[in-house]
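I opened my notebook to go through this one step by step. Overall layout goes in before any detail.

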Amino acid sequence: MENKEKTIGEYKARRVGNALVITIPQSLAIQAGEKFTLKTNQEGNELIYKKTKSHNPWENGQFDDFDFRANMKEVGNYGMSPDIGKERVEWK
C-alpha cells in the first residue's frame, strides 16, 4: 500500500499561555472542538495527528436530530413528579 502524504504548508509553533500551538489552516475544514490524537515516531522528529472519533453521544452527533422536548412530553420529566412512597424517610 502506497503512502500518499500531502504537504499542506509550513507552520511555526507559537506560545499561548503554557502551551505551544500550531495553527490549522481553514482550508482543511476542521471544526472548532474536533478532537485529535497526537502520536510521534520513536525518534520524536515526526508528529502524526489523527482525528479521534468520540464515543460520547453528546459530542459525536448521535443526538443532533433528537427532539428532547417532544420526548419529555411523551415520557415525562424524570425527577420532577411529586414524591410517592417512603422517599422522605427520617433517619435517626
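**Layout**

Going from the N terminus, I read the elements of the protein chain as β-β-β-β-α. That is one helix and four strands in the protein chain. I note up front that this is a predicted model.

Next I looked up the overall dimensions. The protein chain has a radius of gyration of 24 Å, whereas a compact globule of 92 residues would come out near 12 Å. The C-alpha trace spans about 65 × 40 × 30 Å along its principal axes. I also asked for burial: of the 92 residues of the protein chain, 3% count as buried.

**A distance check**

I picked Gly9, which sits in the segment before β1 (14-16). Gly9 counts as partly exposed at 40% relative accessibility. From the C-alpha of Gly9 to that of Pro57 I get 34 Å, with the two positions 48 residues apart along the chain.

**Salt bridge**

How many salt bridges does a search of the whole structure find? I got one. The side chains of Lys51 and Glu34 make it, at 3.1 Å from N to O. Lys51 belongs to strand β4 (residues 47-51) and Glu34 to the loop between β2 (19-21) and β3 (36-40), so the pair ties together parts that are 17 residues apart in sequence. I then checked exposure on both sides. Lys51 has a relative accessible area of 54% and is exposed. Glu34 has 29%, so I file Glu34 as partly exposed.

**Nonpolar patch**

I went over the surface for nonpolar side chains. Ile8, Tyr11, Ile22, Ile24, Leu28, Phe36, Leu38, Leu47 and Tyr49 form a patch there. Together they have about 830 Å² of accessible area. Strands β3 and β4 each supply at least two residues of the patch. I looked at Phe36 as one of the members: this residue lies in strand β3 and is partly exposed, with a relative accessible area of 32%. Patch residues need over 30%, so Phe36 at 32% qualifies on that count.

**Aromatics**

My ring search returned five aromatic pairs. One of them is Phe66 with Phe68, edge-to-face, with 4.7 Å centre to centre and 65° between the planes. Edge-to-face needs planes over 60 degrees apart, so the 65° angle is what puts Phe66 and Phe68 in that class. Are these two rings buried or exposed? Neither, by my bookkeeping: Phe66 is partly exposed at 40% relative accessibility, and Phe68 is partly exposed at 35%. Both residues also belong to one aromatic cluster, along with Trp58 and Phe63.

**The helix and its ends**

Last stop was α1. How many of the eight residues of helix α1 (residues 68-75) are buried? The number is zero, so the helix lies largely in the open. At the start of α1, I found a side-chain oxygen of Asp67 within 3.3 Å of the backbone nitrogen of Arg69. Just after α1, Gly76 takes a positive phi of about 90°.

**Recap for myself**

Three things I want to find again quickly: the Lys51–Glu34 salt bridge, the nonpolar patch with its contributions from β3 and β4, and the cluster of Trp58, Phe63, Phe66 and Phe68.

Conventions:
Residues numbered from 1 in each chain as written. Predicted model: local features only at pLDDT ≥ 70, side-chain atom pairs only at ≥ 80, totals over all residues. Heavy atoms only, no water. Salt bridge = Lys/Arg side-chain N within 4 Å of Asp/Glu carboxyl O. Buried < 20%, exposed > 50% of the residue type's maximum accessible area, 1.4 Å probe, protein only. Polar contact = N/O pair within 3.5 Å; in protein donor to acceptor, adjacent residues only side chain to side chain. Phe/Tyr/Trp six-rings, centres within 6.5 Å; stacked < 30°, edge-to-face > 60°. Patch = residues over 30% accessible without salt bridge, like charges linked within 9 Å, V, L, I, M, F, W, Y side chains within 5 Å. Areas by Shrake-Rupley, 256 points an atom, 1.4 Å probe, with all protein chains shown as cover. Rg over C-alpha atoms; globule rule 2.2 N^0.38 Å.
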